[in-house]
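Grab a pencil and work through these exercises with the structure open beside you. Try each task before you read its solution.

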Amino acid sequence: MIRFEQVTKRFPRADRAALHEVSVRILAGAITGVIGPDGAGKTTFLRLAAGLLVPDQGRITVLDHDTQRELAFRDHLAYMPQKFGLYTDLTVWENLLLYARLRGIPAAEGRASIDRLLTFTGLGPFRRRLAGKLSGGMKQKLGLACSMLIQPKVMLLDEPGVGVDPVSRRELWKIVQEQRDQGVGIVWSTPYLDEAEKCDYVLVLYEGKVVFFGPPAEFTARANNRTFLVEIPAEERRRLTREWLQKPTVVDTRIQGQRLRVVLRPEALVPGTPPEARDAAPAEIHHMAPTEARFEDAFIDALGGVPKDRVALVNRTASGENHHEEVVVAEGLVKRFGRFTAVDHVSFRVRRGEVFGLLGPNGAGKSTTFRMLCGLAAPTEGHATVAGVDLRKARAQARRFVGYMAQSFSLYGDLTVRQNLEFFGGVYGLRGARLSVAIRQMLDELELAPLANISAGLLPLGFKQRLALAVAILHRPAVVFLDEPTSGVDPLARREFWLRIDQLVEEGAVVIVTTHFMDEAEYCDRLALINRGKVIAMDSPDAIRNSIQSPQLPNPTLEDAFIAMLERANEATERDAAVTATGAERKGGPTT
Amino acid sequence: MLERIRRLVIKEFLAIFRNPASRMAVLVPPLLQLLIFSFGATLEVRNAGIGIFNEDLGVLGRELAARFQSVPVTFSRVVVCHSYADVRQVLNTQKVLAVVHIPQDFSQSLLAGQTAVVQVLLDGRQSNAAAVTQGYTSRIVRDFARTALASGAIARRPFAQSIPVTRVWYNENLHPLWSSMPALLGILTNLVALLVTGLSVARERELGTFDQLLVSPLRPGEILIGKAVPAFVVAYVEGGLMILAAVTFFGLPFRGSLLLLAGALFVFLLAIVGIGLWISAISSTQQQALLGVFTYMVPAVLLSGFATPVENIHPAIRWVANVDPLQYMVAVSRKVFLEDPTPDVIWPFVWPLLPIAAFTLITSAWFFRHRLD
């Protein structure tokens, strides 16, 4: 259906090709995942396939048309870019109608397919809502619906699942799977490795090169028999993660609930390997329980494992002048916007050395909670303290103890690395020798020193993220707030990032994370699941997983648990609503 | 607190001058405007076309016609018309701004000691230029009459003595730059201060850095000051450079006290920075902020008395002009450049800026706080 032959694409002034000698054949009636971190070449791949870019070398054919010669294939092709061009001031229905007209679909036929798509995507009840007022997930569904108006044979979807909560993501998948079953060929790009397992085929890209192409199970199988789960004392798991990574036989370690997930090199297991390799294998190897490999295990392995030198960190002195055991306290937090209650009596306590995750669908109130705790918004009701400082009384004072890392890079791109650090350090009250020592230490630790005088905007993605972290922790905050810190980031960089966070936590800092990304949730000690402004569950990832365990689902993932809990909560509120409604009817209808 | 503001101010300067686009935004528009206003948008009539329809066969008629052909700076093109149809055609097609019609009996009447009439037909579609042209043509006719009288070509008549002699004060040669350059000082510093403050917050909102600022211990008031100071300094420095350029490069006199002008500029910029912060507070993208800046600038310039006297403005909207800080700045700047005003002459133009500045600064601070929650 789509065929790439030795395709290379290079953008002007880029230091490497965006895509390098890519050859693949994508089949109809299948979902092909294009998987890789940001900057791997996913979007370039899709744009080449859509005929929006011309390859520098090689040949691309789509539905047997050469994309460089004829454009007839476009009538059968739907392309959904990352930011689909919805008209925010038009309603859902008007957007669909507009796209139908733009595609030259006759009016009657257009209306029929709009109705079909509205039912199909579940957007029917929202047909009169302005597109700008839809949630992230619904916007993606509408974008998908708009691109499906022509009944395409090929659908190219660029990161449709990013920024969408797991529930909506699962619905998007369902839509796409139904299309596949009707014979449509689908290309779905994603930086989330866990989405790979749902695809029929995967094209794994890394720095413009093909790492793997084929069924995902085949890729995952490469790490089979080498992946283990180890029971370890909870308080030691952060230290052990780091120590084990140093061992030459270990490819990857990461925390999974109360256990440590370890991937070993193949030679560590083969009896005939040189003794020095086997000796270096962890002594605990006998206590390790083999487990099924996941896509990410194979991915890290394919990239050669987590680099050992990245793991060695400079010893730091203990952070923060914080002597409170409960660093963040939220008690009955309420935030109302007019008559709408965004956060409804949320309470939790986060102790020293804890990673706490806020999870929830879009619009559930987790960002508002997060913003209140950072001191960005004032709570309407309730009580919150950060490092013992009351957020209602002394917001600016409390912000001193807070470090913040936004989801997207949000430092001054025109300032150099050093100027950024100087500015933020100065604003947080560091000055003179203390500031320069802190900056030097940070530059050394995060290996930013050679880049200190480069404009931050010119840094490669991974380094931007390191700088953002440096800015967030330069003043040794008691609490670090992370907003989806590693979504889209290269998995190796993500390991590195969390290793650093682990160290902060060991020193007694508190880390609060909001995320849609189940992988990040896995790093948390405790999770609070927020739905419609309320906390519906709060426990460790393991406990949350176990709570929905059943014979049908012996090994639930965190995402399964998340969705099950949301469904349960929504059913309960709907039942309540139904009860209230009938009660009102009995009293003679709602009063106005 | 001072340290935090100092850091923010340094960062703002770095952000303005390290980014090529914003460096341009600060440096290019003033330069461009300086050139356009000083060379392009003059109210003088130069290189215009004029038509001569001479029906008089006498010497005097020819002499008068010749005078119009000898002012190439003003009238670079002279079109000779032979009929009314010609006249209509050249005016209609805008080949000329005016046609001078010398009637058949022009020489005859003059030689007979009678009053002769010269008709000037003007293109009213360009009313301003037409009025200026009218002034030029009547001056040429007057000069013609004076020399003709002096040479005795026409009979001396008693009222010939009352030809008026004009003398212009302050701008002796009626040099248009002398009146526009001082006004430009106000307009350009206004634009720069507004651009820098208006765009800075919007840019941070767009880049997402604003949240990073808001979670820091900086208070809204400190952010406000940190944003205001760089704009103020940039506009003030550019104002200084303009005064320098006006005096050295454009040869303007500077008759008043620099201190007075500097003081007035100070208060004026306070008011403008307040307005810039307003725009900042309400716009969430740079595009909106830019639109805000120009939506403000156009009426502000039109009502400032730069091109038309403030007294001409319809009373219904005169009050708008009275709250336009630029109006006061233009007046003060013109006075200081061309007169040597004493502080009590300037004061009526400076004190209204004080309540305006207080109002814009206080309300912008309020806006700022309320947009944050």
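**Exercise 1.** Find out how strand S18 (residues 381-386) of chain A pairs with S19(A).

*Solution.* Step one: S18(A) and S19(A) pair in the antiparallel sense over two bridges; strands are DSSP runs of E, at least two residues, numbered from the N terminus, and a pair needs at least two DSSP bridges. Step two: look across from Thr385(A), and you meet Asp390(A) in S19(A).

Before going on, some ground rules: this is a predicted model, where local features need pLDDT of at least 70 and side-chain atom pairs count only at pLDDT 80 or more, while totals for chains, interfaces and linings use all residues. Residues are numbered from 1 along each chain as its sequence is written, and chains are lettered from A, ligands numbered from 1, in the order in which they are written.

**Exercise 2.** Place these strands in their sheet and say which stand at the edges.

*Solution.* Step one: the open sheet has four strands in chain A, ordered S16-S15-S18-S19, with antiparallel pairing. Step two: S16 (340-351) and S19 (389-390) of chain A each have a single partner strand, so one side of each is left without a neighbour in the sheet. Step three: helix H10 (residues 366-374) of chain A packs on the sheet and touches S15 (326-337), S16 and S18 of chain A. The direction of H10(A) makes about 120° with that of S15(A).

**Exercise 3.** Describe how helix H14 (residues 461-473) and helix H15 (residues 491-506) of chain A cross.

*Solution.* Step one: their axes (lines fitted to C-alpha atoms, for helices over the stretch in contact, with angles from 0 to 180 degrees between N-to-C directions) come within 11 Å and cross at roughly 15°. Step two: that makes H14(A) roughly parallel to H15(A), a label for angles under 35 degrees. Step three: pick out the contact, meaning C-beta atoms, placed from the backbone, within 7 Å. H14(A) brings Gly462(A), Gln465(A), Leu469(A) and Ile473(A), and H15(A) brings Ala493(A), Phe497(A), Arg500(A) and Leu504(A).

**Exercise 4.** Work out which elements chain B uses to touch chain A.

*Solution.* Step one: 21 residues of chain B are in contact with 25 residues of chain A. Step two: the elements giving two or more residues to chain B's side are helix H1 (2-18) and helix H8 (209-214) of chain B; helices are DSSP runs of H or I, at least four residues. Step three: H1(B) gives the largest share, eight residues.

Conventions
Two residues are in contact if their C-beta atoms, placed from the backbone, lie within 7 Å. Angles under 35 degrees count as roughly parallel, over 145 as roughly antiparallel, 65 to 115 as roughly perpendicular and the rest as oblique.
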